[in-house]
Amino acid sequence: MGYVRARTVFVQLLSLVASVGHVLSEPLDTAKVCQYMQCTDDGSRLSLQFNNTLWKALNRQSNVAFDLTSWNWAELDSVVEENRTFEIIFNGLEIPLIDISQGHESVTILNLDDNQITTVEPEAFMNFKNLVTLSLQLVYQPNSLQHLDLSNNWITDIKGLKTFALSRLTHLNLSYNRLESVRTELSKLEALETLDLSHNSIRKGDRPIILPQALRRLLLHHNELTEWPFESLPYTLTDLSLSFNRLELTKDAPDIRKLDLSSNRLASFCGDCFPLLEELDLSSNYFEEFPKFGKLMGATVRKVSFNRMPNLRTLDKSAFEDTGNYNALQQVPEDMINWKAIKQGVDLQGNPINCNCSMQWLVDKVIPAMHSHRELHKLFPELRCAQPAMYKDYLVAYLTVHDNLLCLKYREMNLPGMELVVQSMKEQRQMQIVRAQKIILACLIVGIIFMSLCLAYVKLQQPRHIVRPLYYS
C-alpha cells in the first residue's frame, strides 16, 4: 500500500515537472521571433540563433532579405526572462559595418561570428547594458576586420585576442582601459599598423613588450612605464609616443622618425640611439642642459620641442656641435626655459631663424638684455633671419628699432625710424625679382635655341627633290 502511494506521488511529480516544462517552453513555440530563429532552453541558458532558411520560408511571399541593422530587437521581449543567461547568435550574414545598434539590455552573450565585419563603430554595443561576452570571429576564413576600437572600457586582460582570426586588422584602439601588462598578446597581428595603448596602467614588468612586425605607429603615452619597455622594435615602426610615463633612460630605436618623450623623468638623452629621428619632443623633463645629439641624428632631425624645463640652465651652440643640424633651428619657444636665469647669453648663431610674430619675444627680451653686456655682442654677427623674405639675412639685433616689429604687416611699417629697414627690405625684394627675371630669361633663350635646332634637324631630314617613276603620268 505504501509502495503504491509512493509510486503514485512520484508519477504526479513527474507530471507536474512535465507540465511546468511545457509552460516554460510554450512561449518559445508561439513567439514570433522563434519562427525564424532556433530557440533553445537548457534550463540555465536561453539561446536564440538566426536561421536564414526559416526566415526565407516565413517571408516567401514578400521575398525580403534579413537586415540586422534594421531588425527590431524588441521582438525579444516575448521570450526574455530575468536573471538568466540570454544568448543571441547571428552567423553567416554580410555586415561590413557594425554601427550603433538598437540592442537589448537583457542580452548577456552576443555572437556575431562569420559576418564579414570590417568596421566596428566605437559605440556600436552601448545599448547592450548587461553584455558579458561578445564574439566577432570569422569561422571559416580569415577575418576581414580592419579597424577595431575597444577604447573606454574596463578591459584588464587581452589574452582573448589570441583566439580571434584577425589577420587583416590594421588599426587597434585599446586606450582608456585598465591594462596593466602587455607581453606577446598582440605579436601575431601580422597586418597591424597602428596600435593605441594610451591611458592605461601598463608597466614593463619582468618581460619586454613584443610588438607586431608590421607596426608603424605606437601610442603608449599616459601609462606607468618606469623602464624602456622593449628589447627590440620592428623596423617598420617610425612613430612612437611614450609621453607622460616615468622613464629615466632610453635605449636604441634605430628606425624611429617621430618620438615623443615629453613629461617623463629624463635627465639625459642618448643622442646616438635614434639615427633616423626627424621629430623629437623632450619637453617637461629633468634636463639641466640641452642634450647633445649624435652625428647621425643631427643630420636628420628637423623639429625639436624642448619646453617647460625648470632645471635647464645652459643653452649654447655646443649642444649642436659636430652635427649637420646646427643650421636647422628655425624657432625657439619663449616658454622653453627661464631665459632670465641664463646670464652668459644665448648663442643661436648659424640657425635659419624664422623672424615671424612668434619670435617677437626674442627681440623684446633677450636681445636688449644681451645689448647691455658688451662681452655678449660676439653672439650677434651670425644671428640672422632666414624667413620671411622681407627680413632674409637681416641681423636680428637690428630689429629692435621699433616695438613689435615682427608682428607688423608690410603695409603697417610706415613708422619713424623704419626708413633703413624698409629700404633694405625693398632692395632685397628687388634683387629677388631681378634674379627670378634672369632665370626666366635664360630658360626662354635655352628653349628658343633648342626649338631652332629641332626645326633645323627636321628640315635637313626632308629630301630636296621628288623622284617620280618613269610610268608616272
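# Following the disulfides through a predicted model

At 5% relative accessibility, C273 falls under the 20% cut-off and so counts as buried. That cysteine makes a good doorway into this structure, which is a predicted model. The partner of C273 is C270, and the two form a disulfide with their sulfur atoms 1.9 Å apart. C270 has a relative accessible area of 26%, so this cysteine is partly exposed. As for the handedness of the bond, the torsion about the S-S bond of C270 and C273 is about 80°, and the disulfide is therefore right-handed.

It helps to recall what such a link is. A disulfide is a covalent bond between the sulfur atoms of two cysteines. How many disulfides does the count come to here? The count comes to 4. If you number the bonded cysteines of the protein in sequence order, they pair as 1-2, 3-4, 5-7 and 6-8.

Another of these bonds joins C34 to C39, with an S to S distance of 2.1 Å. Its torsion about the S-S bond is about -110°, so the disulfide of C34 and C39 is left-handed. C34 has a relative accessibility of 15%, and because this is under 20%, C34 counts as buried.

Now let us move along to C355 and C385, which are joined by a disulfide with 1.9 Å from S to S. Which hand does this one have? The torsion about the S-S bond of C355 and C385 is about -90°, so the disulfide is left-handed. The pair links distant parts of the chain, 30 residues apart: C355 sits in the loop between β16 (353-354) and α4 (360-371), while C385 belongs to strand β17 (residues 385-387). Both C355 and C385 are buried. For another cysteine, C454, the relative accessibility is 31%, so C454 counts as partly exposed.

Finally, a word on how far to trust what you see. The protein averages a pLDDT of 79, and 78% of the residues score at least 70. Two stretches to view with care are these. Over residues 13-26 the pLDDT stays under 50, and the model has 1 contact beyond four places in sequence for them. Over residues 320-327 the pLDDT also stays under 50, yet here the model has 21 contacts beyond four places in sequence. Where pLDDT is low, the predicted coordinates should not be read in detail.

Conventions
Residues numbered from 1 in each chain as written. Predicted model: local features only at pLDDT ≥ 70, side-chain atom pairs only at ≥ 80, totals over all residues. Heavy atoms only, no water. pLDDT = per-residue confidence, 0-100. Contact = heavy atoms within 4.5 Å. Disulfide = S-S within 2.5 Å. Buried < 20%, exposed > 50% of the residue type's maximum accessible area, 1.4 Å probe, protein only. Helix = DSSP H or I, 4+ residues; strand = E, 2+ residues; numbered from the N terminus.
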